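User: I would like to learn how to read the features of a model like this one. Please take them in turn.

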Amino acid sequence: ARGGSPGTATALGRGLGVCSTPGCRAVLGEPPGTPQRPPVVTPSQWQLLTELLRHDPATPELGAVLAPDGSTVALAPLLAGIEAGLRSGGFGPPLPSLDPPADPLLAVTIAEALGTSFLLAQGGDSNATALGPDGCWDDVENPQNYTLRGPPSPVPDPVAIGAMDGVVLGARLAQGPLPVAELLRGYYGTGNGSEAGRPPSSYRRRDFGALVGRERLEMEVAKVLGVLRTLSPTPELLRDVGTQEVATVARRAAREFSERYVGTGGVAPPKRGLAPPKRG
């Protein structure tokens, strides 16, 4: 809703399950209790929000939405980045000091997801993938369901896009709070590409790349895996992984993510991912 507190959307998201991984909880804290439906939200809207925000790594496509700019965005990393940005900017409780000193914004958006995804792919079968796939919506005129075009990794395309947007918007909010509704409308546009000019989200690759180069991303992936190692209990996938192996995983993760999603182009054209119109 317009005019709401900057922290309202993030509080709802966390209460409904946005921050479900060990690293995210180490940064943002344990989630509050299950929230009550706000009066401005209808029961059907509340049911939709509950389904979208209950993050489940096994079915990442269920947390994706079609944004007004035509891109498909996972809400969990987007809202986690927004909360980390708000708290970095002094709105809400302060963020903890991590050991190793990982960047909280990158930890909750992309670094933990990338590190664990590449560790899982390394330890799995030879066909395991660490990034992708993309997907498509079921109908051009009235898209309702999003389907991935293959077995999901922990970082399919909507999660990668949501993470990049979470970093870009979180960095913006670290400079000063804004109502989330205003922030999202301005970033994604509201006319589905009909306005003159591109919405700021079209430049996510350029803006993310300016904030997070490949070397920094590699460093932050390694740091967040170090943070995970200190948690009790230590995640299973890190129990027999040495320091050199962590460095190798972080290097590969940063390189492949940057090549696939950031690239060298300045503008990322909107990607609708819509299925062809149904016939007959």
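Analyst: The turns below go from the whole chain to single peptide bonds. Keep in mind that this is a predicted model.

User: How many helices and strands are in the chain, and in what order do the elements run?

Analyst: The chain has ten helices and four strands. Starting at the N terminus, the order is α-α-α-β-β-α-α-β-β-α-α-α-α-α.

User: What share of the residues is buried?

Analyst: Of the 280 residues in the chain, 46% are buried, where buried means under 20% relative accessible area. The accessible surface is about 13,600 Å², and carbon and sulfur atoms account for 54% of that surface.

User: What do the contacts say about residues far apart in sequence?

Analyst: Take the contacts between residues at least 6 apart in sequence: 71% of them join residues at least 24 apart.

User: How should I read a single helix, say α6?

Analyst: In an α-helix there are 3.6 residues a turn, so residues three or four places apart point the same way. Helix α6 covers residues 157-173, which is 17 residues. From first C-alpha to last it reaches 24 Å, close to the expected 24 Å.

User: Why is α6 described as largely enclosed by the rest of the structure?

Analyst: Because 16 of its 17 residues are buried.

User: Which peptide bonds are cis, and where are their prolines?

Analyst: Most peptide bonds are trans. Here the bond from Asp99 to Pro100 is cis, with omega near 0 degrees; Pro100 sits in the loop between α4 (75-88) and α5 (104-123). Another cis bond joins Gly132 and Pro133, with omega about 5 degrees. Pro133 lies in the loop between α5 and β3 (135-137).

Methods. Residues numbered from 1 in each chain as written. Predicted model: local features only at pLDDT ≥ 70, side-chain atom pairs only at ≥ 80, totals over all residues. Heavy atoms only, no water. Helix = DSSP H or I, 4+ residues; strand = E, 2+ residues; numbered from the N terminus. Expected span 1.5 Å × (residues − 1). Buried < 20%, exposed > 50% of the residue type's maximum accessible area, 1.4 Å probe, protein only. Contact = heavy atoms within 4.5 Å. Areas by Shrake-Rupley, 256 points an atom, 1.4 Å probe, with all protein chains shown as cover.
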